[in-house]
Amino acid sequence: MAQVPQTFDAPAVRTWCSLALRALGRAREEIDAINVYPVADGDTGTNLYLTVESAVAAVEAVFAAHEAGRSGAAGAPGPSLAEAAHAMAHGALIGARGNSGTILAQLLRGMAQVLAGDGDGARADGHGLRRALRHAADSARQAVAHPVEGTVLSVAAAAAEAATGADGDCGTVARAAYEGARAALAETPGQLAALRRAGVVDAGGRGLVAVLAALVETFTGEMPAPLPARRQAATVPAGAAGPGPAGRPVVPHARAGAAEEDTPRPGEAAEPCAEPGAPQGGPAFEVTYLLEADDDAVARLRQRLDALGECLVVVGGDGLWNVHVHVDDAGAAVEAGVEAGRPHRIRITHFGADDAHIVPAGRPLPERAQRAVVAVVPGEGLARLCAEAGATTVLARPGELPASGELLQALRRAHAHEVVLLPGDAELYDPAAAAAEQARAEGVRVALIPTRSPVQGLAALAVHEPGRRFDEDVVAMTSAAGATRHAEVTVAERRAWTSAGICQAGDVLGLIEGDVALIGSDVGDTAVTVLDRMLAAGGELVTLVLGDDAPEDLAGRLERHVRESYLAVDTVVYHGGRQGALLLVGVE
């Protein structure tokens, strides 16, 4: 058996996050299928996966920084428990998706607050893990405006209660928490009418059981046995008898006739969030955003959003929050965030809209397109440009590259038999490849063109011809992307070694084909030098994509320079918006 940690240290956080992501990846489709509460939109498993994937990326970044010698004291062996726990919590917070993902982010944050707290090493042993699980359950319940029993909150509370009664090391405590959560999950249909009608257990709670199973494996080296049949969802084939709808995972022990019960049992919580199509109806939109605001402003925001809608969950702290609410007036929910602080990464989902992957029962699936293009772009300007050209776009903020789950969602959203995927960044190749592989397993023909810059994606999109044979179209797009040399001009954020020497914070960097080629002090001068080096090898078309922070006269200066210095070379200028780099350059 491989050596396992005896206490909760930084490597244990890393292992747990990795194992939890793997467990959610295996269970994602099952969890999506049993998602009926608070909204039957079939995405709880995917949302939980994306939330943990963001946590994994943050933890891996901390370890990578230490391994590269860019963090911590000289000669330090690796990140501390506090660093790893904070990274896990922060990553989950900024990547949280949906109702259950947002609650899971708060559970991880609650654990991190105990594990990373000041004090002696007892916080990292079995006693510390018991306290962490208790604090996580309490803080998650406090984050929900109107807690409902029979949800992930009940499962988390049961896990914490079971852990409290366990004496021993982290492995013993983790196993007790898992067993308590598993038992509580089996009871969720008896606590919530929506689950009982559908004959399923709570999807968010099922996801938490998977995360806790990963915690057990982290400290024992052994994956807990699969949920026994009396507690685990089982699929009833179409036409077979059973309490759940045909083809939907059901709870085998749900008693006959339970599906016909539409009213809560005595003492059972009413359902504040109704699934689409339920008699009581429900809000039309899900609104989520990250918010930079102080505690007092968030307290006022909670009150306002609670009056506007349902399923309100606000998690986070220390100036950064993740807000989730279901409302009929999405604009008012966003405006409330603007009044409270600075909202960003705003997402609005219309529950009533046709979705390429999830369609309400009884509604026919929309017909698939024959071919589509999915493009990852760094700014709103390029997103609009690509969307106008017919592409499905994924917005990649600086330092917030989309995870494979988000790319997979975009491939599904394209809703086509054949899809061309343009990642637009070398660092996105592996996540894009994973998303493409999963989409292929779902029956979609996917071609991944390894574009390393958005300007290569623009070149590929320009020659895209849906009427051609798929292979021919992919070859033409790949050729166009490969024939486009790319560069960018940006500002250094910190002192660092580069291939052109040492740069200081505030220096202007000219990158050609991904490598720093020159370090300057003036944006315009650096951009002209980059252009000259690019055009020294020839070119017919120069594409300039300007960011919001680029000097106002930069586009005109570069256009004049090309016109006066290079005959028969055309220039096209686009405005990329908040794209990170001041300037993106493509030469075809």
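Start by selecting helix α2 (residues 44-67) and helix α13 (residues 404-414): their axes come within 8 Å and cross at roughly 145 degrees. To see what makes the contact, show T46, N47, Y49, L50 and E53 on the α2 side, and S404, G405, E406, Q409 and R412 on the α13 side. Colour these residues by character and you will find two nonpolar, five polar and three charged. Keep in mind throughout that this is a predicted model.

**Stop 2: the rings around F8**

Which residues do ring pairs join to F8 in a cluster? Select F8, W16 and F219 together, and you have the whole cluster. The structure holds two aromatic pairs. F8 with W16 is edge-to-face, with 6.0 Å from centre to centre and 70 degrees between the planes. Both partners are buried: F8 has a relative accessible area of 1%, and W16 is at 3%. Now turn to the rings of F8 and F219, whose centres are 5.1 Å apart; their planes stand at 75 degrees, so this pair is edge-to-face too, given that the label applies over 60 degrees. F8 sits in the segment before α1 and F219 in helix α9 (residues 203-220), so this pair ties together parts that are 211 residues apart in sequence. Like F8, F219 is buried.

While you have rings on display, add R14 and F63. R14 lies over the face of F63, at 4.2 Å from the ring centre.

**Stop 3: salt bridges within a helix**

The structure holds 28 salt bridges, and a few of them make good stops. Begin with D32 and R28, whose closest N and O atoms are 3.3 Å apart. Why can these two side chains meet along one helix? They are four residues apart in helix α1 (residues 10-33), so about one helical turn separates them. Are the partners buried or exposed? D32 counts as buried at 9% relative accessibility, and R28 is buried as well, at 7%.

Next, select R182 and E179, which form a salt bridge with an N to O distance of 2.6 Å. These residues are three apart in helix α7 (residues 170-191), again about one helical turn. Here the surroundings of the two partners can be told apart by accessibility: R182 is buried, with a relative accessible area of 12%, whereas E179 is partly exposed at 32%.

**Stop 4: a salt bridge between distant parts of the sequence**

Now pick E380 and R578. Their closest N and O atoms are 2.5 Å apart, in a salt bridge. What does this pair tie together? E380 belongs to helix α12 (residues 380-388) and R578 to the loop between β17 (570-577) and β18 (583-587), so the bridge ties together parts that are 198 residues apart in sequence. At 19% relative accessibility, E380 counts as buried, because the cut-off is under 20%. R578 is partly exposed, at 46%.

**Stop 5: a salt-bridge network**

For a wider selection, show the side chains of R371, E418, R445, R468, R469, D471, E472 and D473. Salt bridges link these residues into a network.

**Stop 6: T526 and its neighbours**

Move to helix α17 (residues 523-535) and select T526. This residue is buried, with 3% relative accessibility. What does T526 touch, leaving aside residues up to four places away in sequence? Display V489, V508, L509, G510, L518, G520 and S521 to see these contacts.

**Stop 7: two loop residues with positive phi**

Most residues other than glycine have a negative phi. Two exceptions round off the tour, so switch to a backbone view for them.

First comes D318, in the loop between β4 (309-317) and β5 (320-327). Phi of D318 is positive, near 60 degrees, and the residue is exposed at 75% relative accessibility.

Then go to E513, in the loop between β14 (508-512) and β15 (515-520). Phi of E513 is near 55 degrees, again a positive value in a residue other than glycine. E513 counts as partly exposed, at 29% relative accessibility.

Terms used
Residues numbered from 1 in each chain as written. Predicted model: local features only at pLDDT ≥ 70, side-chain atom pairs only at ≥ 80, totals over all residues. Heavy atoms only, no water. Salt bridge = Lys/Arg side-chain N within 4 Å of Asp/Glu carboxyl O. Buried < 20%, exposed > 50% of the residue type's maximum accessible area, 1.4 Å probe, protein only. Phe/Tyr/Trp six-rings, centres within 6.5 Å; stacked < 30°, edge-to-face > 60°. Lys NZ or Arg CZ within 6 Å of the ring centre and 35° of its normal. Axes fitted to C-alpha atoms, helices over the stretch in contact; angles between N-to-C directions. Contact = heavy atoms within 4.5 Å. Nonpolar A, V, L, I, M, F, W, Y, C, P; charged D, E, K, R; others polar.
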